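Me: I'm new to this one, so could you walk me through what the labels mean and how each was reached?

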Amino acid sequence: MSFDVLTGKSLSLFNAVGGWRTVAEAVASRAVFLIAYLLTGRVWTAALIAIGGVAVLAVVRVCAERRYLPAAITLAIVVGSALLAGATGQAIDFYFPAVVIQSVQGTVFLLSILLRWPVVGLALGALRRDRFGWRRDPALRRRYQLCTAIFVAKCAIATAVQLPLYLAGQTMALGIAATFLGGAPAAGVCLYLCWRILREN
């Protein structure tokens, strides 16, 4: 998730989701594992295929954009998910980190709203080298609160959908939900909505 797109004068929904590479990585990190598992029935085989697919995309990103951190984070999450699924022998555990990440993110964003230090405000304050100056503007502070609330809603919806599927052992349904609700598509929509709210500033 990159908040720097919110500082631009223009933003398309496609750019908000991070472009085709980010979408491809998000889909590859979850959908490839699911497809491979359905075809082979083997957790470790599916896990290795998922790691390989994301590793290729990570190398492409690094070579094309020289952006090491996003590629490394995506690859680390996939490797961790694969190791967990391989260790338990349960394919559904590949998606457990996604469930945890969504719930933790939602909690952090919600706490930042309750404490009146919204995450979006802190991120944009740092990007604009304004730090905490935005807190002196009540209207802007409310907009940052609203933007942060959008992410809270996204995380709440994702957790409400994914957690019951995980507990019920619904691997296919959880894989689909994690791909769309927990990855770049949903986060991109949130960023685009936030940009619409903040574009006058």
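Reply: Sure. Start with one definition: a polar contact is a pair of N or O atoms within 3.5 Å, where one must be able to donate a hydrogen and the other to accept it. Take Thr 148, whose side chain reaches the backbone oxygen of Tyr 144 at 2.8 Å. That value is within 3.5 Å, so the pair counts as a polar contact. Keep in mind that this is a predicted model.

Me: How do you know that Thr 148 is buried or exposed?

Reply: Buried means under 20% relative accessible area. Thr 148 comes out at 0%, so it is buried. As for its place, Thr 148 lies in helix H7.

Me: What is the overall make-up of the protein?

Reply: It has nine helices and zero strands, so reading from the N terminus you get α-α-α-α-α-α-α-α-α. Of the 201 residues, 42% count as buried.

Me: What makes Phe 94 and Tyr 95 an edge-to-face pair?

Reply: Two values matter. Ring centres have to lie within 6.5 Å, and planes over 60 degrees apart count as edge-to-face. Here the centres are 5.2 Å apart and the planes stand at 80°, so edge-to-face it is. Both Phe 94 and Tyr 95 are buried. They also belong to an aromatic cluster with Phe 33 and Tyr 37. The structure holds ten aromatic pairs.

Me: Why is the pair of Phe 96 and Tyr 166 called tilted?

Reply: Under 30 degrees would be stacked and over 60 edge-to-face, with the rest tilted. The planes of Phe 96 and Tyr 166 are at 40°, with centres 5.1 Å apart, so this pair is tilted. It links distant parts of the chain, since Phe 96 sits in helix H5 (residues 96–114) and Tyr 166 in helix H7 (residues 138–168), 70 residues apart.

Me: Which of those two rings is buried, and which is partly exposed?

Reply: Tyr 166 has 19% relative accessibility, under the 20% cut-off, so it counts as buried. Phe 96, with 33%, falls between 20% and 50%, so it is partly exposed.

Me: How do you know that Arg 135 has its charge over a ring?

Reply: The CZ of Arg must be within 6 Å of the ring centre and within 35 degrees of the ring normal. The charged end of Arg 135 sits over the ring of Trp 117, 3.9 Å from its centre.

Me: Where else does Trp 117 turn up?

Reply: In a nonpolar surface patch of about 660 Å², together with Leu 110, Leu 111, Leu 114, Leu 115, Leu 122 and Phe 132. H5 gives the most to this patch, with three residues. Patch residues need over 30% relative accessible area. Leu 122, found in helix H6 (residues 119–127), has 33%, so it clears that cut-off and counts as partly exposed.

Me: What makes the phi of Arg 116 worth a remark?

Reply: Most residues other than glycine have a negative phi. Arg 116 has a phi near 65°, a positive value. You'll find Arg 116 in the loop between H5 and H6. At 54% relative accessible area, Arg 116 is over the 50% cut-off, so it is exposed.

Me: And why is Thr 88 called partly exposed?

Reply: Its relative accessibility is 38%, between the 20% and 50% cut-offs, so that label fits. Thr 88 is in helix H4 (residues 68–88), and a polar atom of its side chain lies 3.2 Å from the backbone nitrogen of Gln 90.

Conventions. Residues numbered from 1 in each chain as written. Heavy atoms only, no water. Phe/Tyr/Trp six-rings, centres within 6.5 Å; stacked < 30°, edge-to-face > 60°. Buried < 20%, exposed > 50% of the residue type's maximum accessible area, 1.4 Å probe, protein only. Helix = DSSP H or I, 4+ residues; strand = E, 2+ residues; numbered from the N terminus. Patch = residues over 30% accessible without salt bridge, like charges linked within 9 Å, V, L, I, M, F, W, Y side chains within 5 Å. Areas by Shrake-Rupley, 256 points an atom, 1.4 Å probe, with all protein chains shown as cover. Salt bridge = Lys/Arg side-chain N within 4 Å of Asp/Glu carboxyl O.
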